[in-house]
4 protein chains.
Amino acid sequence: MNHIHEECGVFGIYACRRSDPAVLAYYALFALQHRGQESAGIAVNDDGVFRAVKGEGLVGEVFGDEKLRSLGKGNIAVGHVRYATTGAGQSQNIQPLLVNHHKGRMALCHNGNLSNSFELRTKLEENGAIFHTTTDSEVISYMIVQQRLKTGSIENAVSAAMDMIEGAYSLVISSPQKLIAVRDPHGFRPLCYGTTDDGSIVFASESCALDAIGAKLVRDLYPGEMAIVDKNGLRFDTTHCGCCFKRFCVFEYIYFARPDSVIDGASVSLCRRNAGRFLAQEHPVDADIVIGVPDSGLEAAIGYAQESGIPYAIGFTKNKYIARTFIASGQDSRERGVGIKLNPIREVVKDKRVVLIDDSIVRGTTCRKIANLLWQAGAKEIHMRVSAPPFVKPCYYGTDIDSEDVLIANHMGVEDIAREIGVTTLGYLSIGNVRMLTGVDSGFCTACFGGGYPTAVPAHGTKNRFEMKISENPEGE
Amino acid sequence: MNHIHEECGVFGIYACRRSDPAVLAYYALFALQHRGQESAGIAVNDDGVFRAVKGEGLVGEVFGDEKLRSLGKGNIAVGHVRYATTGAGQSQNIQPLLVNHHKGRMALCHNGNLSNSFELRTKLEENGAIFHTTTDSEVISYMIVQQRLKTGSIENAVSAAMDMIEGAYSLVISSPQKLIAVRDPHGFRPLCYGTTDDGSIVFASESCALDAIGAKLVRDLYPGEMAIVDKNGLRFDTTHCGCCFKRFCVFEYIYFARPDSVIDGASVSLCRRNAGRFLAQEHPVDADIVIGVPDSGLEAAIGYAQESGIPYAIGFTKNKYIARTFIASGQDSRERGVGIKLNPIREVVKDKRVVLIDDSIVRGTTCRKIANLLWQAGAKEIHMRVSAPPFVKPCYYGTDIDSEDVLIANHMGVEDIAREIGVTTLGYLSIGNVRMLTGVDSGFCTACFGGGYPTAVPAHGTKNRFEMKISENPEGE
Amino acid sequence: MNHIHEECGVFGIYACRRSDPAVLAYYALFALQHRGQESAGIAVNDDGVFRAVKGEGLVGEVFGDEKLRSLGKGNIAVGHVRYATTGAGQSQNIQPLLVNHHKGRMALCHNGNLSNSFELRTKLEENGAIFHTTTDSEVISYMIVQQRLKTGSIENAVSAAMDMIEGAYSLVISSPQKLIAVRDPHGFRPLCYGTTDDGSIVFASESCALDAIGAKLVRDLYPGEMAIVDKNGLRFDTTHCGCCFKRFCVFEYIYFARPDSVIDGASVSLCRRNAGRFLAQEHPVDADIVIGVPDSGLEAAIGYAQESGIPYAIGFTKNKYIARTFIASGQDSRERGVGIKLNPIREVVKDKRVVLIDDSIVRGTTCRKIANLLWQAGAKEIHMRVSAPPFVKPCYYGTDIDSEDVLIANHMGVEDIAREIGVTTLGYLSIGNVRMLTGVDSGFCTACFGGGYPTAVPAHGTKNRFEMKISENPEGE
Amino acid sequence: MNHIHEECGVFGIYACRRSDPAVLAYYALFALQHRGQESAGIAVNDDGVFRAVKGEGLVGEVFGDEKLRSLGKGNIAVGHVRYATTGAGQSQNIQPLLVNHHKGRMALCHNGNLSNSFELRTKLEENGAIFHTTTDSEVISYMIVQQRLKTGSIENAVSAAMDMIEGAYSLVISSPQKLIAVRDPHGFRPLCYGTTDDGSIVFASESCALDAIGAKLVRDLYPGEMAIVDKNGLRFDTTHCGCCFKRFCVFEYIYFARPDSVIDGASVSLCRRNAGRFLAQEHPVDADIVIGVPDSGLEAAIGYAQESGIPYAIGFTKNKYIARTFIASGQDSRERGVGIKLNPIREVVKDKRVVLIDDSIVRGTTCRKIANLLWQAGAKEIHMRVSAPPFVKPCYYGTDIDSEDVLIANHMGVEDIAREIGVTTLGYLSIGNVRMLTGVDSGFCTACFGGGYPTAVPAHGTKNRFEMKISENPEGE
């Protein structure tokens, strides 16, 4: 279920010749749509002339044929899908971020969250900078542009900026003549590259975007690695590699990514089935069927079923027209919410002892509703198994897991949670097994499970510090 | 996959008191959305005053909060979702059809296709009738209205009209004071009813719509049965029951209906798993995994896996944002179509002997593309199993299975088809087993499998005879 | 000012060869836009195949380039602009009305109102007819279609229908092979025809539409005349000419029509200046300037100025962006309404004795606001002169002059009205001079001035009798 | 006619208490709509929290009731309407420009064009600034923000910025606690202020916006004057007053402004009539009627008529639905353009010697078409009189009078122009009389008439130098 959200998917292509790179970006963003549904944008770079189309909504809503055509020909395109709280006047935050600067123009796409953006932004403002957006991405742009004045190339500028920014960032950047892709030294967020038959170089948050345009996955960038593409081809800068431990966000495997993607060499589908297997080993139970909460719980349920020998079943029908077109209406809409999206298949669960697999529990409210639907459908027992450890701490690296107050596992034990959400038994995946999700210990960030933050914790927490600032720091005259 | 389309879903509610029946209709149509995505409409009857909102697009697109509110209060609502080829000037075909006549007003929702509408329409026109639409539903309206002049009640008028119309029709009709629901004597299309906690009576094409509004399923109407609700409550007219054999469309179970629906007492989910079990018995094969083509092939695949003992796997990721927002763009869009919607999970199918379950094969082109995706992903063998018998004849009862020419099974044997679509082996479900899909012989229509048409075959085929007529029969002056 | 509204503008073209008649219809409707701003529609007839685009809004909003192209090629087009109270579910009333009948298809455009439609409609319904709309135009369609069954040609059918319908109707009708234009025997509404350089025949409500497409005005149809165009050219049927007195609506000259149009041989611009001249003769006054209320009062003001020798001035600035884009917002919006549209030019009116010319007074509320604006701007005296006699009776022939109750002149004398609206003196044009507006006595309808109705008065008044009926006559079971 | 365009209208209000200032801004922008139809925006400042709505289109299209409500309560609002060439990705240029900086947030609205923005922008970029837009307004924002770091108040920062920027600027700026309005030292563009009954202070480009919200005009700001409003009330800073000669754009009187506005104490309506009087003195002619090209030529025509004694007439009907909804379609659309907007009234001009007054001649193409329409309508002679001197030089101060090449008067004498546009005689207003348009010598800019530029001429001409730069100055690596 939609318990947590990530903020973005990024894409970039350097075509081997002047062509229609926006069309490929469109297909790729369509495949990355699950990483952000609030807005989308594509910028095409035609030998230094940039054209961009951006808008609120799904990729298919922002881009019609006419808008794609208006982007015209070029040899570089970058694209972005974004999840964000929308609001009046927030349209300026839609990416790619296009800025003009002394050495030309730059289009930047960013997935992740900086942990020191407040400090950087304050310093920039003290030197007279103005900001149009409330995003970290504008901070990154400033860092790069100011380094660009001091160095002879965009790649040196990006490298110098990396010395100053901290936190999660997978970037795809187009300068007038180059396409640059960067993954932060902790490797929090994925970023892979591949090639097409005709020799174009492609970067994307996930390999499913490469499949969508017929490109072949080469590999993910290494943590800290920068890739540079220009008319001389592809080269890498590994200056920032190995300077710290890899801290990949395990939720990319458990929930965010598409099961058909391969990240850092591991199949997302396989990792989910592994999670189910581990759960069956850690928390076995005597039951009649195993069902998963669509969509991300399905593969873990198959893994549990295979490991335990309990039959797998499809326990819910999910309304596939829910995305964006459904607006709850009427007084009782809140009550009805989950039931409109998911309907249990009574014939499957009635009089059964059910193992129910979900990917996470945040506040517990949705889980309680799902459990309730199963009880109404006649389930005899519900054994909930969660394919992640309990959330106890907020995330500062690009997901919206919020303050500790709302996290049910922060202030309740497992048995209390089971009682609160109304299930017979409850079992979480252990941190030890999460580490082994890909089969080997892959270097995951475990901050949200209480495993410690890999960077300094932002002084201002997860809230948007600049929207706060605006109202709290009026002109002191 | 979307091989064939049905034309409609219908809904009606008689509320126990003046309330907001449009809100319930909205939720119910949302649950019936899979039965028609081209247009949607709701009419509210407030003690004889009708208000309607209709439009092209998904339920969530046609109805926002404001439009729902504009429908106002009332005690009866009827609603409709429609699949239809859209086109300039076709908006008048959107249902509910509202007509004014001598005894007041009538709102009519229709699922199905008449087999004698051409004859009826011609006769009406010869008597000076004018038609605004090209739908059978307008013919039915005329039949009812003209009978209404001769009889003392709307239910007698509907009953008299049933003597004249022939073919598939599940109707929900609101007269100024009554709500009427009718299922044709062959019972081609489903139509169930239920009750809400506060005593409202509800009709819907499928029980999943009842679940969506918290109503309890009582049963489907019997073939030929009419239900009448007014201020005196619910009563039935069974005059037309038993006059012919039940000929329910088996594709409601195999493909059209939602797996969480129960139709004529049988769970759709169970019928699909039964189809898989039968296939495993009829066409066993030595293989490594069983996968289904989403969404309707998934449960049959689980049935096959359970019967055969071959492990079930999720073989494809389906892009869940595809509905309506995706517009193929660029020259290569046709090639890319299926791949954008479905991506095989390479890790799952690579080097595997795969059993692939789909619900049907019409032209064979989509199946060939899906098989091709699996070959590219490294499958070693592909054993396709189809959870229905071969299509050899067109349908005249409300699906868009077209002329024989396009049906691959009409002019090719199984082995030729297997070669054509590029699979290792191919097996169809037998007609004998299709008959037993619910566990007992349920009285299915097998016309499209070559089992003979239950009514006279329309002289003008499946084409829209009146759009034809318009261009071919210019004024003979 | 927008005191009263008319219901429609009509257009038709029979092109000399297969071409893009929709483009000409588009330009023509654009020129007729002042006759109706609520909806617009065009139907193209391509040798018996009809395509139509209709929608709510201005011509430029309903038709973009794409929609015009979708209408395709053909040799006949008919078009319509409509003023009507909009509402949920009223979209079916948008014209052209397209109906299918026994002899093919028909597209009908209608300007005016029948006075016996209730009787005709009731009779049709008693014979089993169903109605999709609440318009008189659907009644006319039925009358024609039913006559068509009995006669050998569409023109005979129209002629026979004319024997039965009564009231105001200017019709443009396309049958599969012919274009027919008809003006009712009283000639209530205008309808002219012309020719283009390449030999096409064109019909329109006003000659300004002919100018817009470069066509040359020939003349208005005579009251009762029918024009028929087919591949044999243009011919006339005058069977219904001369059967009653001409009763042209004088408000076409005073208010509805565009000043650049010529109707029944008289220039609208000239008639308005004549109205001003007559007013100066009937109601002279000692004043400093003459100003008109835009737009229709301007030419009458010039006439008054020229006849009286008092200087003419532009007294108001009218906000030219008002049409359709302005939505009054906030609590005080009603107060602000008129002031947002019209702003007096203080420098012009300050300390002046002002003669103020408007075209009519209905309820008096708008006039009071306009007078108030002038007082605020410093006018010393306001001498209001109205270029029409007082309204004392409702209109049944296609304008929305409503029940007597709201007409201020129905229950107040001139001096009381002057006091009520707050002007120094008030003078209306006399009926005697109205009759001579074109220079000769032209046969005007004076029903709304108390001059008697030229047809039987509808028993059910001006309200929409069928929307009434729906709620008041529920099924009597 | 629409010969030339200006770029903007600005508005600001400091309400005496927390209220709905967006509603007043909406009405005011609606009254300023003639100054810019491409985009509109409003920002509300609620005690330091800013909310903004901006969009392409007319005020009434950008703002519905819902959007106005979303702006919420506050005590300051600023608003802007803009004329600009639209294009993909230009939406970021829509004003008000909102920026975050070290001392809080700022919303800025700008009318005019800087003549030294290229130099300022280049210097900013050399110091690491990034630009999101291609507007001068962003340059002004940077200048103010950087001065703000060095000074204790926003007004001191604006004053310091004024020392550096050069050219035309009327600014309305909201800081968290203050509303600032500034008119450049040459006073190129208008900017007035007024008060409402309840004590709010209001700024607007023209007084007609004050009328629209019931505010009382006090006066225009003096050239170089700054007005500051905060909780202590209104005060003025006149530091920059008198440092150079007033150079007001005379086209504000002749064409841009609404006739009901009063600018720098002079009525626009009166100035236009004066222009006509002067023309009658300078270029008398023996003729039958005087007509004006709507809308700005009408009052000059009345002035000419009064001075000459030749009768005034309304010679054209202008299609009042033209704004934004009309899209020329089809091959012959270019030919048809002017004729669709303007139709001569044949009865008025036929066989007449016509004096035709227009406000300007730029390229001459539109004038030729208008003259042609009059000839076709039967005019015997056409004596064109232009209420401005010939354009011979481009404008750098906020209008789109382009390069010299396109200006017909730059390379042709009066008689040649008369021949080229096809009129009998042609007369322009002299520079001497233009100077006296308000009755006294008012200090007008006469640069476009060849009278010399009041500032240094921009090295890069009138083109958008930064869009140029983007394509011409690719990264030099």
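Two strands pair if DSSP finds at least two bridges between them, and the strands themselves (E, at least two residues), like the helices (H or I, at least four), are DSSP runs numbered from the N terminus. With that in hand, look at chain B, where a hairpin of 4 residues links β7(B) to β8(B). Before we go on, note that this is a predicted model, in which local features need pLDDT of at least 70 and side-chain atom pairs count only at pLDDT 80 or more, while totals for chains, interfaces and linings use all residues. Residues are numbered from 1 along each chain as its sequence is written, and chains are lettered from A and ligands numbered from 1 in the order in which they are written.

Back to the hairpin. Strand β7 (residues 170-174) of chain B and strand β8 (residues 179-183) of chain B pair in the antiparallel sense over 5 bridges, with B:S174 standing opposite B:L179. Strand β6 (residues 104-111) of chain B also runs antiparallel to β7(B), and 5 bridges join them. One of the pairs here is B:L108 with B:I173.

How many of the residues of β7(B) are buried? It's 5 of 5, where buried means that 20 or more other C-beta atoms, placed from the backbone, lie within 10 Å of a residue's own (12 or fewer makes it exposed, and in between it is partly exposed). In a regular strand the side chains alternate between the two faces of the sheet. In β7(B), B:S170, B:V172 and B:S174 are buried on one side, and B:L171 and B:I173 are buried on the other.

Now for some helices. The expected span of a helix is 1.5 Å times one less than its number of residues. That is why helix α5 (residues 136-150) of chain A, with 15 residues, should span 21 Å, and its end C-alpha atoms, 22 Å apart, agree with this. Of those 15 residues, 13 are buried. Over in chain C, helix α9 (residues 268-282) reaches 21 Å from its first C-alpha to its last, close to the 21 Å expected. This helix is mostly covered too, with 12 of its 15 residues buried, among them C:L270, C:F278 and C:L279.

Let's zoom out to chain A. Its domain assignment (automatic or from a database) gives domain 1 (8-247) and domain 2 (267-320 + 330-449). Their centres, taken over C-alpha atoms, are 34 Å apart. Domain 1 of chain A puts 11 residues into the contact and domain 2 of chain A puts in 6; two residues are in contact if their C-beta atoms, placed from the backbone, lie within 7 Å.

What about the chains together? Chain A uses 47 residues to contact 47 residues of chain B. On the chain A side, α1(A) gives the most, with 5 residues. That side has 24 nonpolar, 13 polar and 10 charged residues, counting Ala, Val, Leu, Ile, Met, Phe, Trp, Tyr, Cys and Pro as nonpolar, Asp, Glu, Lys and Arg as charged, and the others, Gly among them, as polar. Chain A and chain C share no contact, and their closest C-alpha atoms lie 12 Å apart. Chain B and chain D do not touch either, with 12 Å between their nearest C-alpha atoms.

Last comes the largest nonpolar core, which has 649 residues. Such a core is a set of buried Ala, Val, Leu, Ile, Met, Phe, Trp, Tyr and Cys residues joined through C-beta atoms within 7 Å. Those with the most contacts inside it are A:A28, B:A28, C:A28 and D:A28. Leaving out residues up to four places away in sequence, D:A28 touches D:F11, D:G79, D:A204, D:A209, D:A212 and D:I213.
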